[in-house]
Amino acid sequence: MKYSFIIPVYNRPDEVDELLDSLTKQSLRDFEVVVVEDGSSVSCKDVADKYVSLLNIHYYSKPNSGPGQTRNYGVERANGEYMLILDSDCILPETYLEEVEKELNRKEADA
């Protein structure tokens, strides 16, 4: 697994749905998605479950601790060589990961 998208989320299932939909359209497919629910009262588990057959997706729920710790929680559970952390309100163009790959092939990066 080359890439892991880490998505911390707090009470934003509609946003997560749009983001996950954009990830299904990526031209490069060597990635997993790690959704971490940060103590939300409005869960996005049903949204994440909707994408199980379309994405390599993992859903976690934990008590609220804020975005930093939630990102770290996701990174600790991810399997990718590179971690891409996205806020739940992002929508990615279809060639996003392809462009990341091109840049990494041009000049390797570790941060």
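Tutor: A disulfide is a pair of cysteine sulfur atoms within 2.5 Å, and with that cut-off in hand we can begin to read this structure, which is a predicted model.

Student: How many disulfides does a search of the whole structure find?

Tutor: The general idea is that a disulfide is a covalent bond between the sulfur atoms of two cysteines. Here, a search of the whole structure finds 0 disulfides. Cys44 is in no disulfide, and the nearest cysteine sulfur, that of Cys90, lies 14 Å away.

Student: Why is the sulfur of Cys90 not in a bond with that of Cys44?

Tutor: The closest cysteine sulfur to that of Cys90 is in Cys44, and because the two are 14 Å apart, they are too far from each other for a bond. Their surroundings can be read as well: Cys44 is buried, with a relative accessible area of 0%, whereas Cys90 is partly exposed, with a relative accessible area of 24%.

Student: Which residues touch the most other members in the largest nonpolar core?

Tutor: In soluble globular proteins, nonpolar side chains tend to be buried together. In this model the largest nonpolar core has 24 residues, and Leu20, Leu23 and Val33 are those that touch the most other members. Two or more residues of this core come from each of strand S1 (3-9), helix H1 (13-24), strand S2 (31-38), helix H2 (45-50), S4 and helix H4 (96-106). A second, separate core of 5 residues includes Ile6, Val36, Tyr73 and Ala78.

Student: What is Leu23 in contact with, leaving aside its neighbours within four places in sequence?

Tutor: With those neighbours set aside, Leu23 is in contact with Phe5, Ile7, Arg29, Phe31, Val33, Leu55 and Leu92.

Student: How should I read a salt bridge, and where are the two partners Lys50 and Asp17?

Tutor: For a salt bridge, look for a side-chain nitrogen of Lys or Arg within 4 Å of a carboxyl oxygen of Asp or Glu. The side chains of Lys50 and Asp17 meet in this way, at 3.0 Å from N to O. This pair links distant parts of the chain, with Lys50 in helix H2 and Asp17 in helix H1, 33 residues apart.

Student: What separates Lys102 and Glu98 in helix H4?

Tutor: Lys102 forms a salt bridge with Glu98, with 3.8 Å between the closest N and O atoms. Because they are 4 residues apart in helix H4, about one helical turn separates Lys102 and Glu98. Salt bridges that share partners join Glu98, Glu99 and Lys102 into one network.

Technical notes:
Residues are numbered from 1 along each chain as its sequence is written. This is a predicted model: local features need pLDDT of at least 70, side-chain atom pairs count only at pLDDT 80 or more; totals for chains, interfaces and linings use all residues. Side-chain values use heavy atoms; hydrogens and water are left out. Buried means under 20% relative accessible area, exposed over 50%, partly exposed in between (1.4 Å probe, protein chains only). A nonpolar core is a set of buried Ala, Val, Leu, Ile, Met, Phe, Trp, Tyr and Cys residues joined through side-chain atoms within 4.5 Å. Contact means heavy atoms within 4.5 Å.
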